[in-house]
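Me: I'd like to learn how to read a two-chain model like this one. Could you put it up and take me through it feature by feature?

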Amino acid sequence: MLSFRDNEQAFRDFINQHQQRVYNTALNTLQNEQDAEEITQDVFIEAFNKAHTFKGEAQVSTWLYRITLNKCIDHIRSKKRKKRFAFLTQLFHDSGEPISDAGDFVHPGVVAENKEKAAYLYKAIDQLPENQKIAFLLSETEGLSYAEISEITGSSVSSIESLLFRARKNLRKILADFYKNNTR
Amino acid sequence: MTTKQDKWIDEVMGSLQQMQPVEGNPHLHTRIIARLSNQVAPARKPLQLKWVYSFSALFVIMLLMNVLGWRGSNSTSSEVTVTQQPVDIETVISDYGLESNNTYTSLP
């Protein structure tokens, strides 16, 4: 059982060990650096508060991936909700907070010559259904195996295979549309 | 056209291949500790206040009900003493014709 209470050094080590993975997963999913940083903080705060619930049945990284993805999904949903009611919120409460779309995001770690193409890919990924998006990102950007993705998402390996197949098919379709629109 | 398009799509699909993970904020730990120390006070305050308020409201309501009930029972018992006269056993005996010692009554 994990516990970080009264052991700040252990928690610091835990953050140092997993920070990069959590941040990059959040960054790829949310496609926004500020949001990813905020979610990374939220993930470690939840890990601190709920460390006692981790029984060691799965790997710590799997547990952290689950927390991260759940937080990212909640964040995306709340952003979509905000966007849907943007007109009303602007009428009644203008907080000045931009309700941003995933724009031309490119992960900073993408190789320089691929940046332009990666921007198209991120745009297309953003249009995928939630579960396909998560499966694709875990596979492509984190390099996880089907078994690892199935453990994180709680789906069977065969359903992950089918999700990834559909994700790739859909991405090709979306990218074909991008190509046609750009060459016109 | 199609082969050109397919080639472009393949390139786009493979554009994340050599991606390197980026480092997060070096001050993340400090920020998290700051947030953790801040979360304790405001998270508990409204919960405690909520219970304090609800228990005090419940207590006041129960107290009021007790006072009202006590006053009500006092007034009804005083009314009873005013309207009802004390009845002694002789009055009951005379009212119901029970003066006779003969327990066997003759039939008409």
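Reply: Let's begin with the vocabulary: helices (H or I, at least four residues) and strands (E, at least two) are DSSP runs, numbered from the N terminus. Read from the N terminus, chain A goes α-α-α-α-α-α-α-α, with 8 helices and 0 strands. Chain B runs α-α-α, so to speak a count of 3 helices and 0 strands.

Me: What should I know about the numbering and the origin of the coordinates?

Reply: Residues count from 1 along each chain as its sequence is written, while chains are lettered from A and ligands numbered from 1 in the order in which they are written. This is a predicted model, where local features need pLDDT of at least 70, side-chain atom pairs count only at pLDDT 80 or more, and totals for chains, interfaces and linings use all residues.

Me: Which element of chain B has the lowest mean pLDDT, and which the highest?

Reply: pLDDT is the predictor's confidence in each residue, from 0 to 100. Where it is low, the predicted coordinates should not be read in detail. Here H2(B) has the lowest mean, 79, and H1(B) the highest, 91. Chain B as a whole averages 79, and 72% of its residues score at least 70. For the complex, the predictor gives an ipTM of 0.82 and a pTM of 0.70.

Me: How many residues of each chain are in contact with the other chain?

Reply: Two residues are in contact if their C-beta atoms, placed from the backbone, lie within 7 Å. By that test, 22 residues of chain B are in contact with 29 residues of chain A. On the chain B side, the elements giving two or more residues are helix H1 (2-13) and helix H2 (28-83). Sorted by class, that side has 11 nonpolar, 7 polar and 4 charged residues. The classes work like this: Ala, Val, Leu, Ile, Met, Phe, Trp, Tyr, Cys and Pro count as nonpolar, Asp, Glu, Lys and Arg as charged, and the others, Gly among them, as polar.

Me: And burial? What percentage of each chain is buried?

Reply: A residue is buried if 20 or more other C-beta atoms lie within 10 Å of its own, exposed if 12 or fewer, and partly exposed in between, with C-beta atoms placed from the backbone. Buried residues are 33% of the 184 in chain A and 6% of the 108 in chain B. For one helix up close, take H5(A), which is mostly covered, with 8 of its 11 residues buried. Among them are A:Lys117, A:Tyr120, A:Leu121 and A:Ile125.

Me: Which residues touch the most other members of the largest nonpolar core?

Reply: In soluble globular proteins, nonpolar side chains tend to be buried together. A nonpolar core is a set of buried Ala, Val, Leu, Ile, Met, Phe, Trp, Tyr and Cys residues joined through C-beta atoms within 7 Å. The largest one has 47 residues, and A:Ala26, A:Leu121, A:Ile125, A:Ala135 and A:Leu138 touch the most other members. Its contributors of two or more residues include helix H1 (8-30) and helix H8 (157-183) of chain A, together with H1 of chain B. H1(A) gives the largest share, 8 residues.

Me: Can we zoom in on a few residues?

Reply: Sure. A:Leu163 lies in helix H8 of chain A and counts as buried because it has 24 C-beta neighbours inside 10 Å. Neighbours within four places in sequence aside, A:Leu163 is in contact with A:Asn131, A:Gln132 and A:Ala135. A:Phe4 sits in the segment before H1 of chain A, and is buried because 20 other C-beta atoms lie within 10 Å. With the same exclusion of sequence neighbours within four places, the contacts of A:Phe4 include A:Phe14 and A:Phe48.

Me: Where is A:Gln31, and what is its phi?

Reply: A:Gln31 lies in the loop between H1 and H2 of chain A. Its phi is positive, about 55°, although A:Gln31 is not a glycine.

Me: Last one: how do I check a helix's length?

Reply: The expected span is 1.5 Å times one less than the number of residues. The 17 residues of helix H2 (residues 33-49) of chain A should therefore span 24 Å, and the end C-alpha atoms are 24 Å apart, which agrees.
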